[in-house]
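Subject: A structure for you to look through

Dear colleague,

I am passing on the structure below, and I would be glad if you kept it open while you read the notes that follow it.

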Amino acid sequence: MTVRIIDRRLDSRNKSSINRSRFIHRFKGQIRKAVADAIAHRGIRDLQNGEKIGIPGKDISEPQFRIGRGGVRDVVHPGNDRFHRGDEVERPLGGGAGQGKGKASPDGEGMDEFVFTLTRDEFLDIFFDELALPNLVKRQLARIDDYKRVRAGYTQSGVPTNINLVRTMRGAAGRRIAVGGPYAARLRELQAELDEALKETPGDPQEIERLQREIACLRARQEAIPFVDPFDLRYSNRIRIPQPSTQAVMFCLMDVSGSMDEAKKQMAKRFFMLLYLFLNRNYEHIEVVFIRHHTLAEEVDEDTFFHARETGGTIVSTALQLMRDIIAERYATSAWNIYGAQASDGDNWNDDSPLCRELLADAILPKVQYFAYIEISDSEPQNLWREYEELAASHAGHFAMQRIAAASDIYPVFRELFRRRLA
Amino acid sequence: MRKKSPRLIAEGSDWTIEAIAKYDAEIGRVAKAYGLDTYRHQLEIITAEQMMDAYAAIGMPVYYHHWSFGKHFLETENRYKRGHMGLAYEIVINSDPCIAYLMEENTLTMQALVIAHAAYGHNSFFKGNHLFKQWTSADAIVDYLVFARNYIAECEERHGQDAVEELIDACHALSNVGVDRYKRSPPLSLAREKERQRERETYLQSQINDLWRTLPKHQADPAAARERRFPEEPEENLLYFIEKHAPLLEPWQREIVRIVRKIGQYFYPQRQTQVMNEGWATFWHYTLLHTLYDEGKVSDGFMMEFLHSHTNVVYQPPYNSNWYSGINPYALGFAMWRDIRRICEAPTDEDRHWFPEIAGSDWRETFTFAMHNFKDESFVAQYLSPRLMREFRFFAIRDDDYKPRLEVDAIHDEPGYRELRRKLAEQYNLGSADPNIQVWDVDLQGDRSLTLRYFSHQRRPLAASQEAVLDHVARLWGFAVRLEQPTPTGEWQVIAERKYERRKIG
């Protein structure tokens, strides 16, 4: 009797995925908080990975009746190297005498942070949740496969549903002619000879019989040629080709004057992340340009962009000028899709705001696919906002702006953008 | 020149299905020669990922869904990925046929070790030990789990995932005080279980209603009323009591309580026989593979690799080592079984004095007897020899919170042997490791409140988690719940109380 050996390796994986998603569902509050912390530490391009998340162990403990510390406890330990009966020893620090109890250790333990890793999908799910994205958009952003299936001629192998009848039959006919051709020619010759032989009056019965036998033999061969041979089968071929993708550049403009505090910057970061995620779905190659400004604008790296602090007044047009110059210098509109995202708290020199509008309208908006502006502030809108409002009217579909108090307000800025893609 | 011995079962370290089958056949032949009686078994090859899945479901091939299993999975995955732990080489399921998992990453040698350890060692223990025989139905467990998963999934559809989850949370909280310790549980079977579940549903509900039907008679003599206590005998199985008597549970809720209780009961013998069971399996993989080596069926390289992992498994770090985390059940169990064999085959005078009934007896018979009839607690009490206590250099520490210092009670010397052995055995007594909590009273005449009593042992208090658990009890019971504990003077004192008024809507 041989033993039954079952190879389960190809069985469904992720038996635990239901339990896992239940766990995440149940502790969504804590996990969301942890995700928010994680986003603060991430680069905006870094959305393709999962995240290690820690939530307080106390919240997720599974309580049971247990015996606690105290009372009299006898424990047997191995490896005696110095004790004699009746010796007295100091209590080890940290109540180590109960160590031997293993699992039954009292509640003090298990309170550490419970750390685990969210997958990319789970991470994005929570990220989207906070941004209140519509489902269709979520699906579109989270999808990974980026291919289109197109027809690509015919192949000799495939599944029966893909058999191309016309091609197959044409091939079969050709093969029958090609293979049967010599027989047919010979047959015609023999037939002629036979006719000849039959005409001769003193017929040669042996010759006639030979010819008739040969003809019958050839006929049989001809008929043995299969009507359709596996060799003839042709299948319609489809291949996956990547969707046409090109390159894009994304400009992140942010006011870093003293009034932009850490919370506002975090909000702005989510705004940039969402745009990045969108671009990432649609373009093969993306470059990100970070421009920060107070009274002067400069191009910086991501870390400086989000974390360095500046003080002083605000002249927004400097950033727009710099963006315009960078576009002219490095990103020809023929080769690049240009997106702009600007975040600010709304402060600006009064005299500067009309200049900003002009810059945008004349130099920038004609070159970009989309420009989004968010104002993270709860006070009355100021002149920059009013100037931009004029643009919003004249450049609908290109230019979007929004005042933001919470992360869930960010999405409407991109509504137009996403709608266009989904259509 | 190298001449390969034609007698080797297989070469190399990469496994193939054929090689595994050959090893299994050879190990099976040797096991039979030693008289091991096993269930049929099947070997299943799985990936590391599937092994982690199996961990989360306590090794069972099917299980109902619950967030806590997701938590365990994440925990395992995380520790494994960070390299903090290796996965167990094997998981074996007490079912008929007995299922042993082989992980694909293992070498051929490790697969042979796992086959010997799990498919023959554990398997024969499951089949022979009285606790497993009495308490678990190996032939029906998988069916029962399928029933449980489907039933719970059905409940989730009908009553909502949150309601079911809350209920299972509460049941899990009581699972360690939800086992019968002394009664035999009836065997399980899928078909019968399904059919009986409906009957039970209607029957139980009618019983419950009966319990509360009569309105309290205030005119009645209070003393007489008090006499009829309910339950008449204290009940230590909290889940059982709740399943049968909680007044407000719906039939489906009772069924789920029952499912959690039944499955908990199934695992109870495993907790009671860890040292014996692991020791037994370790002893047999050691013995079986050594026999194959003596027959020339496996190579020196095979033995080196096997001994390397075997030695890791049975290592016992001393108490002052950084690696120390209690007594290693593999080490103690393996040492004890070997020691029993030694006592049978080559007893010393000391052994004759301590174990007159087994010294010099046939070791196979002694083994069978010991394996069949003991659990960890009694096994240690019966068979731990002075020689082994010396080898392990055991010593007993008493930690009395009234005294400022710890006290060494007994060490591995003549006056200490018996006490040491008694204390070690006590350490494996689940009865004293789990708190002894009993359903004491239900106030039938009054507010239907439930009183639980904690019988403390050696003044040990309940851990603070009792607060959270009591919430769960109150949720299940539906009315007020009290927990009492004796004061040093012997009076019962309420240490926690939950008022919980849940009225059914309508």
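In chain B, four strands form an open sheet in the order β6-β7-β8-β9, and their pairing is mixed. Because β6 (436-442) and β9 (492-498) of chain B each have a single partner strand, they stand at the edges of the sheet, and one side of each is left without a neighbour there. From one strand to the next, the twist averages 30°. Please keep in mind throughout that this is a predicted model.

Within that sheet, strand β7 (residues 450-455) of chain B runs parallel to strand β8 (residues 481-486) of chain B, and four bridges join the two. If you look along this pair, you will find B:R453 standing opposite B:E484 in β8(B). As background, strands of a sheet pair through backbone hydrogen bonds, either parallel or antiparallel.

The loop between β7 and α21 (466-477) of chain B deserves a careful look, and B:Q458 lies in it, as does B:R459. Phi of B:Q458 is near 55°, which is a positive value in a residue other than glycine, and phi of B:R459, again positive and again in a residue other than glycine, is near 65°. Are these residues buried or exposed? B:Q458 counts as partly exposed because it has 13 C-beta neighbours inside 10 Å, and B:R459, with 14 such neighbours inside 10 Å, therefore also counts as partly exposed. For comparison, most residues other than glycine have a negative phi, and most peptide bonds are trans.

A peptide bond in chain B should be noted here as well, since the one from B:D96 to B:P97 is cis, with omega near 0°. B:P97 lies in the loop between β2 (90-93) and β3 (98-103) of chain B.

Turning to the interior, the largest nonpolar core has 225 residues, and those with the most contacts inside it are A:M250, A:C252, A:L275, A:A341 and B:A100. Helix α4 (residues 108-128) of chain B gives the largest share of this core, namely 12 residues. Which residues does B:A100 touch, once its neighbours within four places in sequence are left aside? The contacts of B:A100 are with B:H41, B:L43, B:E90, B:V92, B:V114, B:I115, B:A118 and B:A119. In soluble globular proteins, nonpolar side chains tend to be buried together.

Chain A contains 12 helices and 13 strands, and of its 423 residues, 29% count as buried. Of the contacts in chain A with a separation of 6 or more, 81% are between residues 24 or more positions apart.

Finally, there is the place where the two chains meet, to which chain A gives 56 residues and chain B gives 78 residues. On the side of chain A that touches chain B, the elements that give two or more residues are β1 (4-7), α1 (17-26), β3 (72-77), β4 (88-89) and β5 (113-118) of chain A. By class, that side of chain A has 20 nonpolar, 16 polar and 20 charged residues. Strand pairing also links the chains, for β3(A) and strand β4 (residues 395-400) of chain B pair in the antiparallel sense over six bridges. In this pairing, A:V72 stands opposite B:D400 in β4(B).

With best wishes

Key
Residues numbered from 1 in each chain as written. Chains lettered and ligands numbered in written order. Predicted model: local features only at pLDDT ≥ 70, side-chain atom pairs only at ≥ 80, totals over all residues. Buried ≥ 20, exposed ≤ 12 C-beta atoms within 10 Å, placed from the backbone. Contact = placed C-beta atoms within 7 Å. Core = buried A, V, L, I, M, F, W, Y, C linked by C-beta atoms within 7 Å. Pairing = 2+ DSSP bridges. Axes fitted to C-alpha atoms, helices over the stretch in contact; angles between N-to-C directions. Nonpolar A, V, L, I, M, F, W, Y, C, P; charged D, E, K, R; others polar.
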